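Grab a coffee and work through these short exercises with the model open beside you. Try each task before you read its solution.

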Amino acid sequence: MPKHTIFVSIAAYRDPELLKTLKDCLEKAKYPETLKFGIAWQRSPEDTWDTLDEYKDNPNFKIDDIPYKDSQGVCWARNRIQDLYDGETYYLQLDSHHRFTANWDTTLIKMFKDLKKKGSKKPLLTAYLPSYDPSNESKLEDVWTLEFDRFLPQGPIFIKPHNHPSWKELKEPIMARFLSGHFIFTSGEWAKNVKYDPQFYFHGEESSLAARSYTHGYDLYHPHIPVIWHEYTRNGKTKQWDDDSTWPERDALSYSRYRKLFDMDAAACTPCARKQMAGFDFGNERTKQDYERYAGVKFRTREVHRHTYEYKELPLPEQTQEQFDNDLLNKIKVCIDVYKGSLPETDYINFAVAILDEAGNDIYRLDANQDEIRNLLNSDSNDQFIHIWREYEDNKKPHAWRVWPYSTSKGWCERLEQNIVHE
């Protein structure tokens, strides 16, 4: 019997994959007896498949039984799970929809120990894991990294997965800029050192935890081989926001706290604002500025370093502060969601597409031609919206977008405008 134990944190929300995840996790572990589960079981009695009866009397399971209507979101649930941690050697955070390789536990422990031998005092393994399809159990044999996509108008960094093109040549974990909420493997103390802010809702969870973990002394790494898989699509499955009519208010509060944490807006940069983050602030082993120089971002000005924007591997090149600042980019990326029902014509040949400032003036304009329009309108038939992406470089925050369609038969049609919410 090994001396180590692994605390497995799982936040589950009305998920038909939960039981399959638990069974696969136990069956594929080399030492299943060392696994101590903490589960935030957000359930509905209407979901007859959602039962944990076979685990309720198992001493290796701590189950927080939560009626789904009481749920306040994933960060709130993960905060509750951290309170169930009881000194286990390692901490593994997952969602409730995963599949595992054989001996996944010893594989992760070996990576962790090897990183410590190389000089990392507090390694933390994390990634957007490669995907699996529960309908046929197919799995992607890939290694994905976490990369910068954009700053959302509301503040948070939006992170996206990126397939590592030469992962089969890797011999060890690689440095990571960001952190994934659905996969964290590190020392158990992380559960106490980096407490989840229960008032965070969804967007902002991962980039804030990356910075906070780094400032608490944790070194971020991606596994160099597939170890665990994750389901991304979750088609037809109920999400917490589907059941919670108050989620927009939770979302707005979460964005506000993110901006306070990173001093992103003048209104947030006050001693009172910092006090509100007590217990969920940065650590004392490194500074926020240390993390920015490490990851290649600058939160207050919403800028990204060229090295980071181009998905180049860490570390960043050694630079003076002036050189670093000169390589910062004001990259703005906006997704314009247009309701298909507002586009009744069949002969559009042009959309005038503009991003506007508060005065209604164009910050950026790039029209959609007939080919782009055709592709947009013929995309996913189940989606009620078309999604027009525009990317440009400017230090002005976008305030609104305008789409002005032109039809061969009708000429210029009704202009469509909508504010881009920042708060």
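**Exercise 1.** How many nonpolar, polar and charged residues does the lining of the largest cavity have?

*Solution.* First, a caution: this is a predicted model, where local features need pLDDT of at least 70 and side-chain atom pairs 80 or more, while totals for chains, interfaces and linings use all residues. Residues are numbered from 1 along each chain as its sequence is written, and side-chain values use heavy atoms, without hydrogens and water.

Step 1: sort by class. Ala, Val, Leu, Ile, Met, Phe, Trp, Tyr, Cys and Pro count as nonpolar, Asp, Glu, Lys and Arg as charged, and the others, Gly among them, as polar. The lining comes out at six nonpolar, one polar and four charged residues.

Step 2: find the source. Strand β18 (residues 331–339) gives the largest share, four residues.

**Exercise 2.** Which residues of α3 are buried (under 20% relative accessible area, 1.4 Å probe, protein chains only)?

*Solution.* Step 1: list them. They are Trp104, Asp105, Leu108, Ile109, Met111, Phe112 and Leu115.

Step 2: look down the axis of α3. The buried residues fall within an arc of 155° (from the directions of the C-beta atoms off the helix axis), so they line one face.

Step 3: turn to the face away from the buried side. There you'll meet Lys110 and Lys117, both exposed (over 50%).

Step 4: go just past α3, where glycine 119 has a positive phi of about 115°.

Terms used. Helix = DSSP H or I, 4+ residues; strand = E, 2+ residues; numbered from the N terminus.
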